[in-house]
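Biologist: I would like to go through this structure label by label. For each label, tell me what earns it.

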Amino acid sequence: MTLETFIRMIGVGFGSYIVIVLVLRLSGKRTLSKMNAFDFIVTVALGSVLANIIVNHETLFWEGLVAFCLLVFLQYISTWLSVRSSTVRSILKSRPALVYYSDEYDEKTMRKERITKIEIMQAIRKDGYVSLDEIAAVILETDGTLTVMEKSKEKHLEREDFFY
Amino acid sequence: MDVSTFVRITVVSFLCYVAILFVLRLSGKRTLVKMSAFDFIVTVSLGTVFGNILINQDEILWEGLYIFCLLLIFQYLSSFLSSRYTLFSRLLKAHPTLLFYDGTYYEHKMVKERIPKSEVLQAIREQGIGRTEEVAAVILETDGKLSVLPKKTNEMKNLNTLTDLEENQ
(Lines give C-alpha, C1' and ligand atoms only; values in the text may rest on other atoms or scores of the structure.)
Protein backbone atom coordinates (compact mmCIF):
# COMPACT_ATOMS: atom_id res chain seq x y z
CA MET A 1 0.00 0.00 0.00
CA THR A 2 1.46 3.27 -1.09
CA LEU A 3 1.07 6.51 0.75
CA GLU A 4 -1.23 7.73 -2.00
CA THR A 5 -3.64 4.80 -1.57
CA PHE A 6 -3.54 5.35 2.16
CA ILE A 7 -4.53 8.99 1.82
CA ARG A 8 -7.20 8.24 -0.77
CA MET A 9 -8.68 5.55 1.44
CA ILE A 10 -8.95 8.02 4.31
CA GLY A 11 -10.60 10.52 1.98
CA VAL A 12 -13.07 7.98 0.59
CA GLY A 13 -13.81 6.51 4.02
CA PHE A 14 -14.39 9.93 5.50
CA GLY A 15 -16.44 11.13 2.51
CA SER A 16 -18.69 8.09 2.31
CA TYR A 17 -19.18 8.11 6.09
CA ILE A 18 -20.45 11.68 5.99
CA VAL A 19 -22.68 11.07 2.97
CA ILE A 20 -24.14 7.98 4.59
CA VAL A 21 -24.80 9.67 7.92
CA LEU A 22 -26.58 12.46 6.03
CA VAL A 23 -28.64 10.06 3.91
CA LEU A 24 -29.67 8.04 6.96
CA ARG A 25 -30.44 11.16 8.93
CA LEU A 26 -32.57 12.59 6.11
CA SER A 27 -34.50 9.38 5.60
CA GLY A 28 -35.68 9.32 9.20
CA LYS A 29 -35.55 6.96 12.14
CA ARG A 30 -37.74 4.39 10.46
CA THR A 31 -35.01 3.37 8.00
CA LEU A 32 -33.02 1.61 10.69
CA SER A 33 -35.85 0.40 12.87
CA LYS A 34 -36.33 -3.34 12.81
CA MET A 35 -40.06 -3.83 12.86
CA ASN A 36 -40.29 -6.76 10.53
CA ALA A 37 -38.19 -9.60 9.22
CA PHE A 38 -36.93 -7.72 6.23
CA ASP A 39 -35.67 -4.62 8.03
CA PHE A 40 -32.80 -6.37 9.80
CA ILE A 41 -31.53 -7.86 6.52
CA VAL A 42 -31.63 -4.42 4.90
CA THR A 43 -29.72 -2.90 7.82
CA VAL A 44 -26.99 -5.53 7.47
CA ALA A 45 -26.97 -5.05 3.68
CA LEU A 46 -26.46 -1.29 4.19
CA GLY A 47 -23.49 -2.04 6.43
CA SER A 48 -22.09 -4.48 3.91
CA VAL A 49 -22.38 -1.91 1.10
CA LEU A 50 -20.55 0.68 3.24
CA ALA A 51 -17.77 -1.79 4.03
CA ASN A 52 -17.43 -2.67 0.34
CA ILE A 53 -17.23 1.00 -0.64
CA ILE A 54 -14.36 1.56 1.77
CA VAL A 55 -12.46 -1.62 0.91
CA ASN A 56 -12.91 -1.43 -2.90
CA HIS A 57 -12.98 2.33 -3.12
CA GLU A 58 -11.17 2.49 -6.47
CA THR A 59 -13.82 0.71 -8.47
CA LEU A 60 -16.96 0.94 -6.44
CA PHE A 61 -17.22 4.37 -4.87
CA TRP A 62 -20.03 5.83 -7.00
CA GLU A 63 -21.78 2.53 -7.68
CA GLY A 64 -21.69 1.84 -3.94
CA LEU A 65 -23.15 5.19 -2.99
CA VAL A 66 -25.90 4.77 -5.60
CA ALA A 67 -26.67 1.29 -4.26
CA PHE A 68 -26.74 2.61 -0.69
CA CYS A 69 -29.08 5.48 -1.52
CA LEU A 70 -31.32 3.19 -3.57
CA LEU A 71 -31.66 0.77 -0.68
CA VAL A 72 -32.60 3.59 1.69
CA PHE A 73 -35.01 4.95 -0.92
CA LEU A 74 -36.68 1.56 -1.48
CA GLN A 75 -37.11 1.09 2.27
CA TYR A 76 -38.60 4.57 2.39
CA ILE A 77 -41.08 3.76 -0.38
CA SER A 78 -42.12 0.42 1.11
CA THR A 79 -42.71 1.87 4.57
CA TRP A 80 -44.41 4.94 3.07
CA LEU A 81 -46.79 2.68 1.18
CA SER A 82 -47.48 0.32 4.05
CA VAL A 83 -48.48 3.17 6.35
CA ARG A 84 -50.98 4.35 3.76
CA SER A 85 -52.38 1.19 2.25
CA SER A 86 -53.52 -1.89 4.10
CA THR A 87 -53.15 -4.01 0.96
CA VAL A 88 -49.46 -3.16 0.68
CA ARG A 89 -49.09 -3.72 4.42
CA SER A 90 -50.53 -7.20 4.26
CA ILE A 91 -48.30 -8.07 1.31
CA LEU A 92 -45.11 -6.81 2.96
CA LYS A 93 -45.77 -7.83 6.51
CA SER A 94 -46.89 -11.12 7.97
CA ARG A 95 -49.20 -11.23 10.99
CA PRO A 96 -48.07 -12.07 14.51
CA ALA A 97 -48.90 -15.60 15.65
CA LEU A 98 -50.04 -16.80 19.07
CA VAL A 99 -47.88 -19.82 20.00
CA TYR A 100 -48.77 -20.23 23.69
CA TYR A 101 -52.09 -19.25 25.16
CA SER A 102 -54.20 -20.09 28.25
CA ASP A 103 -51.71 -22.63 29.65
CA GLU A 104 -51.41 -24.52 26.39
CA TYR A 105 -48.92 -24.63 23.55
CA ASP A 106 -50.60 -24.14 20.21
CA GLU A 107 -48.89 -27.11 18.57
CA LYS A 108 -50.48 -26.50 15.19
CA THR A 109 -49.25 -22.91 14.96
CA MET A 110 -45.86 -23.96 16.33
CA ARG A 111 -45.45 -26.52 13.57
CA LYS A 112 -46.66 -24.07 10.97
CA GLU A 113 -44.25 -21.36 12.15
CA ARG A 114 -41.49 -23.93 12.85
CA ILE A 115 -40.98 -22.91 16.48
CA THR A 116 -39.91 -25.44 19.09
CA LYS A 117 -40.97 -25.65 22.73
CA ILE A 118 -37.34 -25.10 23.75
CA GLU A 119 -37.37 -21.72 22.01
CA ILE A 120 -40.58 -20.65 23.71
CA MET A 121 -39.32 -21.64 27.15
CA GLN A 122 -36.05 -19.86 26.42
CA ALA A 123 -37.95 -16.66 25.59
CA ILE A 124 -39.94 -16.96 28.81
CA ARG A 125 -36.80 -17.48 30.94
CA LYS A 126 -35.07 -14.55 29.28
CA ASP A 127 -37.84 -12.29 30.47
CA GLY A 128 -37.15 -13.57 33.99
CA TYR A 129 -40.30 -15.64 34.50
CA VAL A 130 -39.92 -18.66 36.71
CA SER A 131 -43.18 -20.43 36.10
CA LEU A 132 -45.42 -20.96 33.10
CA ASP A 133 -48.33 -20.22 35.44
CA GLU A 134 -47.44 -16.54 35.28
CA ILE A 135 -47.64 -16.43 31.49
CA ALA A 136 -50.79 -15.42 29.67
CA ALA A 137 -49.45 -15.75 26.15
CA VAL A 138 -46.35 -15.96 23.96
CA ILE A 139 -46.52 -14.30 20.56
CA LEU A 140 -44.22 -14.72 17.57
CA GLU A 141 -43.85 -11.19 16.24
CA THR A 142 -43.30 -10.19 12.63
CA ASP A 143 -39.65 -9.34 13.28
CA GLY A 144 -39.03 -12.87 14.53
CA THR A 145 -38.91 -12.10 18.26
CA LEU A 146 -41.03 -13.90 20.83
CA THR A 147 -43.04 -11.59 23.09
CA VAL A 148 -43.96 -12.93 26.51
CA MET A 149 -47.15 -11.57 28.11
CA GLU A 150 -47.79 -11.79 31.82
CA LYS A 151 -51.17 -12.81 33.21
CA SER A 152 -53.24 -9.86 34.32
CA LYS A 153 -54.73 -9.93 37.80
CA GLU A 154 -57.75 -7.83 36.94
CA LYS A 155 -58.93 -9.55 33.83
CA HIS A 156 -58.74 -12.91 32.17
CA LEU A 157 -57.12 -12.11 28.83
CA GLU A 158 -59.02 -13.32 25.79
CA ARG A 159 -57.50 -14.28 22.51
CA GLU A 160 -58.70 -10.99 21.02
CA ASP A 161 -56.80 -9.00 23.63
CA PHE A 162 -53.47 -9.83 22.04
CA PHE A 163 -54.21 -8.53 18.57
CA TYR A 164 -55.51 -5.14 17.70
CA MET B 1 -20.12 6.37 -14.10
CA ASP B 2 -22.32 7.05 -17.12
CA VAL B 3 -26.07 7.25 -17.34
CA SER B 4 -26.56 3.69 -18.61
CA THR B 5 -24.64 2.21 -15.64
CA PHE B 6 -26.76 4.31 -13.32
CA VAL B 7 -30.00 3.17 -14.92
CA ARG B 8 -28.88 -0.46 -14.86
CA ILE B 9 -27.91 -0.32 -11.18
CA THR B 10 -31.23 1.29 -10.33
CA VAL B 11 -33.32 -1.25 -12.22
CA VAL B 12 -31.40 -4.31 -11.00
CA SER B 13 -31.37 -3.08 -7.38
CA PHE B 14 -35.09 -2.49 -7.50
CA LEU B 15 -35.77 -5.97 -8.85
CA CYS B 16 -33.39 -7.56 -6.30
CA TYR B 17 -35.09 -5.71 -3.47
CA VAL B 18 -38.52 -6.88 -4.56
CA ALA B 19 -37.33 -10.45 -5.18
CA ILE B 20 -35.62 -10.73 -1.80
CA LEU B 21 -38.55 -9.16 -0.01
CA PHE B 22 -40.91 -11.75 -1.46
CA VAL B 23 -38.62 -14.71 -0.86
CA LEU B 24 -38.24 -13.69 2.78
CA ARG B 25 -41.96 -13.07 3.16
CA LEU B 26 -42.69 -16.53 1.76
CA SER B 27 -40.26 -18.23 4.11
CA GLY B 28 -42.13 -16.93 7.16
CA LYS B 29 -41.36 -15.13 10.40
CA ARG B 30 -39.28 -18.03 11.67
CA THR B 31 -36.47 -17.41 9.20
CA LEU B 32 -35.29 -14.41 11.13
CA VAL B 33 -35.89 -15.63 14.66
CA LYS B 34 -32.61 -15.18 16.47
CA MET B 35 -32.86 -17.78 19.18
CA SER B 36 -29.41 -19.26 18.70
CA ALA B 37 -26.00 -17.96 17.72
CA PHE B 38 -26.31 -19.82 14.44
CA ASP B 39 -29.61 -18.13 13.52
CA PHE B 40 -27.96 -14.78 14.07
CA ILE B 41 -24.99 -15.66 11.84
CA VAL B 42 -27.33 -16.80 9.07
CA THR B 43 -29.31 -13.57 9.28
CA VAL B 44 -26.15 -11.47 9.04
CA SER B 45 -24.95 -13.62 6.11
CA LEU B 46 -28.23 -13.04 4.31
CA GLY B 47 -27.77 -9.29 4.73
CA THR B 48 -24.16 -9.43 3.53
CA VAL B 49 -25.08 -11.47 0.45
CA PHE B 50 -27.79 -8.92 -0.33
CA GLY B 51 -25.34 -6.04 0.09
CA ASN B 52 -22.80 -7.77 -2.15
CA ILE B 53 -25.39 -8.41 -4.84
CA LEU B 54 -26.26 -4.72 -4.93
CA ILE B 55 -22.68 -3.60 -5.21
CA ASN B 56 -21.21 -6.23 -7.58
CA GLN B 57 -24.33 -6.87 -9.58
CA ASP B 58 -22.66 -7.25 -12.98
CA GLU B 59 -20.56 -10.12 -11.63
CA ILE B 60 -22.54 -11.97 -9.01
CA LEU B 61 -26.22 -11.13 -9.50
CA TRP B 62 -27.46 -14.67 -10.18
CA GLU B 63 -24.93 -16.44 -7.97
CA GLY B 64 -25.87 -14.07 -5.16
CA LEU B 65 -29.60 -14.59 -5.53
CA TYR B 66 -29.02 -18.34 -5.71
CA ILE B 67 -26.92 -18.31 -2.49
CA PHE B 68 -29.55 -16.17 -0.79
CA CYS B 69 -32.27 -18.68 -1.64
CA LEU B 70 -30.05 -21.62 -0.64
CA LEU B 71 -29.43 -20.13 2.81
CA LEU B 72 -33.18 -19.63 3.24
CA ILE B 73 -33.89 -23.21 2.18
CA PHE B 74 -31.33 -24.60 4.66
CA GLN B 75 -32.81 -22.49 7.45
CA TYR B 76 -36.30 -23.58 6.45
CA LEU B 77 -35.37 -27.25 6.44
CA SER B 78 -33.53 -27.20 9.74
CA SER B 79 -36.34 -25.37 11.56
CA PHE B 80 -38.99 -27.48 9.82
CA LEU B 81 -37.35 -30.73 10.87
CA SER B 82 -36.51 -29.67 14.40
CA SER B 83 -40.00 -28.38 15.11
CA ARG B 84 -41.44 -31.75 14.09
CA TYR B 85 -38.90 -34.33 15.20
CA THR B 86 -37.09 -34.30 18.53
CA LEU B 87 -34.26 -36.27 16.96
CA PHE B 88 -33.45 -33.40 14.62
CA SER B 89 -33.93 -30.79 17.29
CA ARG B 90 -31.31 -32.62 19.38
CA LEU B 91 -28.91 -32.85 16.47
CA LEU B 92 -29.35 -29.34 15.10
CA LYS B 93 -30.01 -27.21 18.15
CA ALA B 94 -27.82 -26.67 21.15
CA HIS B 95 -29.57 -27.21 24.45
CA PRO B 96 -29.76 -24.69 27.26
CA THR B 97 -27.65 -25.60 30.30
CA LEU B 98 -28.42 -25.09 33.97
CA LEU B 99 -25.42 -23.43 35.66
CA PHE B 100 -26.81 -22.42 39.04
CA TYR B 101 -29.78 -23.80 40.91
CA ASP B 102 -31.03 -22.91 44.39
CA GLY B 103 -27.69 -21.91 45.89
CA THR B 104 -25.55 -24.51 44.09
CA TYR B 105 -23.20 -23.90 41.19
CA TYR B 106 -22.93 -26.77 38.72
CA GLU B 107 -19.15 -26.55 38.49
CA HIS B 108 -18.61 -29.28 35.90
CA LYS B 109 -21.22 -27.71 33.57
CA MET B 110 -19.58 -24.33 34.01
CA VAL B 111 -16.17 -25.75 33.11
CA LYS B 112 -17.64 -27.59 30.13
CA GLU B 113 -19.41 -24.48 28.81
CA ARG B 114 -16.43 -22.25 29.70
CA ILE B 115 -18.42 -19.84 31.88
CA PRO B 116 -16.51 -18.55 34.91
CA LYS B 117 -18.31 -17.81 38.16
CA SER B 118 -17.69 -14.09 37.65
CA GLU B 119 -19.86 -14.13 34.52
CA VAL B 120 -22.71 -15.83 36.35
CA LEU B 121 -22.44 -13.22 39.11
CA GLN B 122 -22.33 -10.46 36.52
CA ALA B 123 -25.54 -11.73 34.91
CA ILE B 124 -27.19 -11.77 38.33
CA ARG B 125 -26.07 -8.20 39.08
CA GLU B 126 -27.28 -7.04 35.68
CA GLN B 127 -30.75 -8.13 36.75
CA GLY B 128 -30.40 -5.81 39.74
CA ILE B 129 -30.18 -8.67 42.22
CA GLY B 130 -27.67 -8.29 45.05
CA ARG B 131 -27.77 -11.68 46.71
CA THR B 132 -27.41 -15.13 45.17
CA GLU B 133 -29.94 -16.32 47.75
CA GLU B 134 -32.60 -14.42 45.80
CA VAL B 135 -31.84 -16.35 42.61
CA ALA B 136 -33.69 -19.54 41.78
CA ALA B 137 -31.63 -20.53 38.74
CA VAL B 138 -29.19 -19.28 36.12
CA ILE B 139 -29.33 -20.83 32.65
CA LEU B 140 -26.95 -20.56 29.70
CA GLU B 141 -29.27 -20.20 26.70
CA THR B 142 -28.54 -21.41 23.19
CA ASP B 143 -27.82 -17.90 21.91
CA GLY B 144 -25.06 -17.49 24.53
CA LYS B 145 -27.00 -15.30 26.95
CA LEU B 146 -27.48 -16.05 30.62
CA SER B 147 -31.06 -16.08 31.95
CA VAL B 148 -31.48 -15.27 35.63
CA LEU B 149 -34.66 -16.47 37.31
CA PRO B 150 -35.39 -14.64 40.56
CA LYS B 151 -37.10 -16.37 43.48
CA LYS B 152 -40.52 -14.80 43.56
CA THR B 153 -41.57 -16.37 46.82
CA ASN B 154 -39.44 -18.59 49.01
CA GLU B 155 -40.65 -21.75 47.35
CA MET B 156 -38.85 -23.57 44.58
CA LYS B 157 -41.87 -25.29 43.12
CA ASN B 158 -43.40 -24.32 39.79
CA LEU B 159 -40.05 -23.92 38.08
CA ASN B 160 -41.64 -25.46 35.03
CA THR B 161 -39.84 -23.19 32.58
CA LEU B 162 -36.87 -25.47 33.28
CA THR B 163 -38.52 -28.65 32.04
CA ASP B 164 -36.51 -28.69 28.82
CA LEU B 165 -33.28 -28.83 30.84
CA GLU B 166 -33.88 -31.82 33.01
CA GLU B 167 -33.35 -34.47 30.38
CA ASN B 168 -29.75 -33.48 29.79
CA GLN B 169 -28.64 -32.69 33.33
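Modeller: Start with polar contacts: a pair of N or O atoms within 3.5 Å, where within protein one must be able to donate a hydrogen and the other to accept it. Keep in mind that this is a predicted model.

Biologist: What makes Gln75(B) and Ser79(B) a polar contact?

Modeller: The backbone oxygen of Gln75(B) lies 3.0 Å from a polar atom of the Ser79(B) side chain. The limit is 3.5 Å. So the distance of 3.0 Å falls within the limit of 3.5 Å. The Ser79(B) side chain also reaches the backbone oxygen of Tyr76(B), at 3.1 Å.

Biologist: Where does Ser79(B) lie?

Modeller: Ser79(B) is part of helix H3 of chain B, residues 57–84.

Biologist: Why is Ser79(B) called buried?

Modeller: Its relative accessible area is 3%. Buried means under 20%. So Ser79(B) is buried. Leaving aside residues up to four places away in sequence, Ser79(B) touches Arg114(A) and Arg30(B).

Biologist: Arg114(A) belongs to chain A. How many residues of chain A and of chain B are in contact?

Modeller: 58 residues of chain A contact 60 residues of chain B. Together the two chains bury about 5,000 Å², with 66% of it on carbon and sulfur atoms. In chain A, the residues that lose the most area to chain B are Arg114(A), Arg125(A) and Val130(A). Together they make up 17% of what that side buries.

Biologist: How many residue pairs are in polar contact between chain A and chain B?

Modeller: The count is 15, with both residues at pLDDT 80 or more. Several helices of chain A give two or more residues to the side that touches chain B, among them H2 (37–55) and H6 (117–126). By class, that side has 31 nonpolar, 13 polar and 14 charged residues.

Biologist: How many salt bridges cross the interface of chain A and chain B?

Modeller: The rule finds three across that interface. Over all chains the count is ten.

Biologist: What makes Glu141(B) and Arg125(A) a salt bridge?

Modeller: Their closest N and O atoms are 2.7 Å apart. The cut-off is 4 Å, from a side-chain nitrogen of Lys or Arg to a carboxyl oxygen of Asp or Glu. So the pair qualifies as a salt bridge. Glu141(B) sits in the loop between strands S3 (135–140) and S4 (146–150) of chain B, and Arg125(A) in helix H6 of chain A. Both Glu141(B) and Arg125(A) are buried.

Biologist: Which residue forms a salt bridge with Asp143(B)?

Modeller: Lys126(A) does, with the closest N and O atoms 2.4 Å apart. This pair also crosses between chains, from the loop between S3 and S4 of chain B to helix H6 of chain A.

Biologist: Are Asp143(B) and Lys126(A) buried or partly exposed?

Modeller: Asp143(B) has a relative accessible area of 16%. Buried means under 20%, so Asp143(B) is buried. Lys126(A) has 29%. Partly exposed lies between 20% and 50%, so Lys126(A) is partly exposed.

Biologist: Which residues meet in a salt bridge at 2.7 Å, with Arg30(B) as one partner?

Modeller: The side chains of Arg30(B) and Glu119(A) do.

Biologist: Why is the pair of Phe40(A) and Phe40(B) called tilted?

Modeller: Their ring planes stand at 50°, and the ring centres are 5.9 Å apart. Centres must lie within 6.5 Å to pair; planes under 30 degrees apart are stacked, and over 60 edge-to-face. An angle of 50° fits neither, so the pair is tilted. The pair runs from helix H2 of chain A to helix H2 of chain B. Phe40(A) counts as buried at 15% relative accessibility, whereas Phe40(B) is partly exposed at 40%.

Biologist: What makes the pair of Tyr100(A) and Tyr105(A) edge-to-face?

Modeller: Their planes are at 70°, with centres 5.1 Å apart. Over 60 degrees counts as edge-to-face, so the label fits. Tyr100(A) is buried at 2% relative accessibility. Tyr105(A) is buried at 19%, since the limit is under 20%.

Technical notes:
Residues are numbered from 1 along each chain as its sequence is written. Chains are lettered from A and ligands numbered from 1 in the order in which they are written. Side-chain values use heavy atoms; hydrogens and water are left out. Contact means heavy atoms within 4.5 Å. Buried area is the accessible area (1.4 Å probe) that two parts lose on being put together, summed over both. Helices (H or I, at least four residues) and strands (E, at least two) are DSSP runs, numbered from the N terminus. Ala, Val, Leu, Ile, Met, Phe, Trp, Tyr, Cys and Pro count as nonpolar, Asp, Glu, Lys and Arg as charged, and the others, Gly among them, as polar. Rings of Phe, Tyr and Trp (its six-membered ring) pair if their centres lie within 6.5 Å; planes under 30 degrees apart count as stacked, over 60 as edge-to-face and the rest as tilted. Buried means under 20% relative accessible area, exposed over 50%, partly exposed in between (1.4 Å probe, protein chains only).
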